[in-house]
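Open the model in your viewer and keep the sequence panel beside it. This tour tells you what to select next and what is there.

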Amino acid sequence: MEGTAKTTQALVSEYNRSSVLEYLYHNGVCSRAQLADALSLTPAALTKISARLLDTGIIEETGGIVGRKNRRSIGLRFASERLHVIGVKFARSLVQIGVFDLKGTPLSVTDLPDVTDETIPDAVRGVHETVGILLAQDPNVIAIGMAVPGPYLRTVGRTALVSSMQGWRRVNFLREFGGAFRVPVFVEQDARAGVLAQSLFSESADASNLAYYLLGEGVGLGVIDHGELINGAQGAATEIGHVSIDVNGRPCDCGNVGCLERYCSAVAIHHDLVEDGTIVPGAASMSHRKACMELFKASDEGDEAAQSMVESIGRFVGFGCVTIINAYNPDVIVLGDIVSHGGDRLLAAARRVVDERVLPELNDSTDIHLSDLPEDATILGAAAVAIDRFLDHPSDFLALGA
């Protein structure tokens with residue numbers, strides 16, 4: 001019984017430390033009294049928790065702030081600049097590695113050479129080498145987050161399918177990277193990493209039911225429902241890219257036909273541009289990202305064929321929004337990654353589809369907008385995977401005692 005009591009007390013202590021850090025993280029400078037009230041902690045408990053966190057340097061005291069009854073109080077702030085994380089994004093042909101502080105501020109971002117199916121082993125070696133160098137250069141790095149294409153089987157450690165680049169299926173990310181570095185590594189499906197980034201860093205952070213609709217080289221979805229990430233039994237939930245929107249449509253590598261990913265991913269758009277041959281001349285020699293950006297640039301400059309194509313893509317994006325609303329009923333759907341740079345024209349086309357096909361009560365309560373994070377929010381999402389773990393379990397990273 002004594003061991004059980006100690007374990008329970010340790011869990012309570014960890015929960016309270018996490019609550020204090022998360023409150024300061026999201027709300028800025030607060031007094032001890034404000035924190036105690038907000039978190040329903042006694043002043044004595046809050047004093048003990050804050051003392052230990054102050055000793056680690058992750059929070060610090062600020063100058064006097066106005067407290068209760070206009071009295072001056074010492075403020076506490078989350079010192080996000082003190083510790084760093086590394087984020088690694090795997091996206092078929094693109095691998096990026098960045099160093100971030102705990103507020104998601106990028107300190108450095110490195111692009112590895114473009115990846116083909118044949119050069120995946122080289123890319124894996126490149127990640128080992130680059131991360132090793134970054135860790136040697138920065139002793140303040142406490143964790144690594146990795147964002148990988150879905151469907152990601154979290155208990156197994158690999159993706160079940162990577163359309164157009166099947167070689168990634170042979171990489172077991174947990175086995176390859178889990179114990180390779182001096183700091184822990186956390187791996188997450190890319191769209192779920194993206195929704196974590198939205199919840200931590202964007203203006204959408206206040207939504208309790210949030211969906212991040214990843215429109216990159218693949219199509220994915222991450223959903224936070226009442227503060228909890230939806231994972232599924234094997235970690236492969238919310239795989240909207242392989243929901244069929246046409247039972248007689250294009251064949252997909254997953255074995256299905258008409259998958260959403262075959263119509264509005266950067267890979268599918270690139271294929272259509274090469275097949276067209278006129279909207280983006282020379283598209284065949286471009287990367288998926290570059291070809292899409294050239295399309296969006298032509299659309300913005302008034303090219304009618306490009307505008308028509310962007311609107312068509314937007315309609316397919318809208319079909320995905322219909323499924324997201326009916327399946328998950330989020331407050332907010334955020335469109336992000338490469339294809340979201342179709343901008344307002346793409347967004348308007350998607351919204352028209354939603355207006356046509358979704359019950360008014362659900363439509364009226366769902367905000368759909370473009371991400372306010374940088375274009376490549378997935379690498380920021382990879383960092384968010386590590387930051388989220390830190391906020392949930394601070395004693396795994398800091399010497400806090402019992």
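**Stop 1: a hairpin turn**

Select His226 first: it takes a positive phi near 50° in the hairpin of β12 and β13, which has 2 residues between the strands. Strands here are DSSP runs of E with at least two residues, helices are DSSP runs of H or I with at least four residues, and both are numbered from the N terminus. Two strands count as paired if DSSP finds at least two bridges between them.

A word on the source. This is a predicted model, in which local features need pLDDT of at least 70 and side-chain atom pairs count only at pLDDT 80 or more, while totals for chains, interfaces and linings use all residues. Residues are numbered from 1 along each chain as its sequence is written, and side-chain values use heavy atoms, with hydrogens and water left out.

Now colour β13, residues 228-229. β12 and β13 run antiparallel and are joined by 2 bridges. Asp225 stands opposite Glu228 in β13. Ile224 stands opposite Leu229 in β13.

**Stop 2: along β12 to β11**

Select residues 219-225, strand β12. How many of its 7 residues are buried? The count is 6, so β12 is mostly covered. Buried means under 20% relative accessible area, exposed means over 50%, and partly exposed lies in between (1.4 Å probe, protein chains only).

Next take β11, residues 209-215. β11 pairs with β12 in the antiparallel sense over 7 bridges. A hairpin of 3 residues joins the two strands. Click Leu210: its bridge partner in β12 is Ile224.

**Stop 3: β14 and the whole sheet**

Select β14, residues 332-336. In this strand 5 of 5 residues are buried. Val332, Val334 and Gly336 point one way, Ile333 and Leu335 the other way. In a regular strand the side chains alternate between the two faces of the sheet.

β14 has a partner in β11, parallel, over 5 bridges. Leu214 stands opposite Gly336 in β14. β14 also pairs with β15 (residues 367-370), again parallel, over 4 bridges. Here Leu335 stands opposite Leu370 in β15.

Show the strands together. They form an open sheet of 5 strands in the order β13-β12-β11-β14-β15, with mixed pairing. β13 and β15 are the edge strands, and each pairs on one side only. Turn on α10 as well: it packs on this sheet, touching β11, β12, β14 and β15, and its direction makes about 155° with that of β11. Touching, or contact, means heavy atoms within 4.5 Å. Axes are lines fitted to C-alpha atoms, for helices over the stretch in contact, and angles run from 0 to 180 degrees between N-to-C directions.

**Stop 4: helix against helix**

Keep α10 (residues 304-328) and add α11 (residues 343-357). Their axes come within 7 Å and cross at roughly 45°. That makes α10 oblique to α11: under 35 degrees counts as roughly parallel, over 145 as roughly antiparallel, 65 to 115 as roughly perpendicular, and the rest as oblique. Among the α10 residues that meet α11 are Val310, Ile313, Val317 and Phe319. On the α11 side, pick out residues including Leu346, Ala349 and Val353. The residues of this contact divide into 12 nonpolar, 3 polar and 6 charged.

Swap α11 for α9, residues 288-300. The axes of α9 and α10 come within 8 Å and cross at roughly 115°. Leu295, Phe296, Ala298 and Ser299 in α9 meet Ala306, Gln307, Met309, Val310 and Ile313 in α10. By class, this contact has 7 nonpolar, 2 polar and no charged residues. Ala, Val, Leu, Ile, Met, Phe, Trp, Tyr, Cys and Pro count as nonpolar, Asp, Glu, Lys and Arg as charged, and the others, Gly among them, as polar.

**Stop 5: the other sheet**

Show the 5 strands in the order β6-β5-β4-β7-β10: they form an open sheet with mixed pairing. β6 (106-111) and β10 (185-189) stand at the edges, each with a single partner strand, so one side of each is left without a neighbour in the sheet. Neighbouring strands of this sheet are turned by 15° against each other on average, direction ignored.

Select β5, residues 94-101: it pairs with β6 in the antiparallel sense over 5 bridges. Gly98 stands opposite Val109 in β6.

Finish on α6, residues 190-201. α6 lies across β7 and β10, running at about 105° to β10. α6 also lies across β11, β12, β13 and β14, at about 130° to β11.
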